[in-house]
Each structure stands twice: as structure tokens, then as C-alpha cells.
Amino acid sequence: MKKKLLFTLLCILVIGVGYTIFYVNQYSVKDNRASILADLTTWESRGSEEEIKILKMTQINHTTSYVVLFETADKYVGYAHLLKGWNGQFKIVESGAGTNSVKYRDLKTNQGVYGILAGKNPDLQIDHITAKSAFTDEDFSFTSPISEDATFLVYKKLPEDLKETFLTFTLYDENGKIIEPASE
């Protein structure tokens, strides 16, 4: 009886230690700008020596998800989704950069799905953005002002009953005139 109990406790201990090591290895990006920049540069460049610059880092409400807005050496704006683990460190989930001046992404968090809009505000022309469900049978939209920064990051929690989380967006100047998003 004692041997069975000892064996069971030993198995539980080995599994627990194994899981902890696995978890710590996944969440290995330290919670400081230099560590995030180094790991994001390695992640985004996939082995090349391309430099990136972190512009903003924002926690999405009270979730474990963070969004990092960055700029590539080619001056393209990108984003990265980081998760913060119970050990206080991050892991990079996804990232993307490209030629579009504004990017939309739906982000699954531990508190639901958020619609994320990130991009450039060239010559500070963009005053606000309106986003709405791309599907006509769903009535969801929101409008958000854009800060007077050269880059922006806007997010909104999407309703749980929204069938499709893809949103279309329209950019407006301060007079309400539509601005066409630019490809760089």
C-alpha cells in the first residue's frame, strides 16, 4: 500500500515538474522592453538581421493579452500578440507587418474576442475610425477616435453572439470625409 502511494506521489511530482519546465520554456520573454524587442526581432525576422523598433505596448483591458505595435526597418507598421503567463513573462503568439497602412485582426483573449485596428496616421489625417461587421445580417459597429500620434492602436471587445468576427473599417478626417487607406 505504501509503495503504491509513494509511486503515485512520485508520478504526480514528475508530471508537475515536467509541466512547469514546459510552461516556463514557453513563457520566456521577460517583462521589459529590451527582452521583448530582442525576442520580437528574432521572431519577426525569422533569422535575418532586420531591425525593428517598438512603438507601443498595450494590455488589452484586464486580459493576459498584450499587443505590441512596432515598425520595421522598411518603415512598415506591424503588431504582435503576446500572452503573459503566471510566471510574469510573455510568449509571442503571432505577429504581422506589411504594406497596408491599417491592419485589422481579431484577437482571442482569456476574456473574449477583441477587434484590433493598428496602423499609421500619415500627416495626422485620420480623426476617427468606424468599424462594422462585414456581414449584413449582423448589426455590430463602433467608432473610435484616433490619437494625434503617427501610429495608433484601437481595440474593442466583440459581442459573444457575433457569428463572424471579421470587421470592415472606414477612416475619416476631422470633417467626416472618408480617407482611403494607403498601401505603402
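**Exercise 1. In this predicted model, determine how the side chains of K75 and E71 are paired, and say for each residue whether it is buried, partly exposed or exposed.**

Solution. Begin with the pair itself: K75 and E71 are joined through their side chains by a salt bridge, with an N to O distance of 3.8 Å. This value is to be set against the cut-off, which asks for a side-chain nitrogen of Lys or Arg within 4 Å of a carboxyl oxygen of Asp or Glu. Next, take the accessibility of each partner, where buried means under 20% and exposed over 50%. K75 has a relative accessibility of 48% and is therefore classed as partly exposed, whereas E71, with a relative accessible area of 15%, is buried.

**Exercise 2. Find the partner of D106 in a salt bridge, and decide whether each of the two residues is buried or exposed.**

Solution. The partner is K108, and the closest N and O atoms of the two residues lie 3.5 Å apart. Turning to accessibility, D106 reaches 18% and so counts as buried, while K108, at 59%, counts as exposed.

**Exercise 3. Locate D149 and K56 among the elements of the chain, and explain what their salt bridge ties together.**

Solution. First establish the contact: D149 and K56 form a salt bridge in which the closest N and O atoms are 3.5 Å apart. Then place the residues: D149 belongs to the loop between β8 (141-145) and β9 (151-157), and K56 to strand β1 (residues 52-59), so the pair ties together parts of the chain that are 93 residues apart in sequence. Finally, consider accessibility: D149 is partly exposed, its relative accessible area being 36%, and K56, with 22% relative accessibility, is likewise counted as partly exposed.

**Exercise 4. Place these pairs in the context of the whole structure: how many salt bridges does a search find, and how is the chain built?**

Solution. Start with the count, which is four salt bridges for the whole structure; among them is the pair of D149 and K56. Next, list the secondary structure: the chain holds two helices and eleven strands, and along the sequence these follow the order α-α-β-β-β-β-β-β-β-β-β-β-β. For the contacts, consider residues at least 6 apart in sequence: of the contacts between them, 54% join residues at least 24 apart. For burial and surface, note that 39% of the 184 residues in the chain are buried, and that the accessible surface of the chain is about 11200 Å², with 55% of it belonging to carbon and sulfur atoms.

Technical notes: Residues are numbered from 1 along each chain as its sequence is written. This is a predicted model: local features need pLDDT of at least 70, side-chain atom pairs count only at pLDDT 80 or more; totals for chains, interfaces and linings use all residues. Side-chain values use heavy atoms; hydrogens and water are left out. Helices (H or I, at least four residues) and strands (E, at least two) are DSSP runs, numbered from the N terminus. Buried means under 20% relative accessible area, exposed over 50%, partly exposed in between (1.4 Å probe, protein chains only). Contact means heavy atoms within 4.5 Å. Accessible areas come from the Shrake-Rupley method with a 1.4 Å probe; for residues, only the protein chains shown count as cover.
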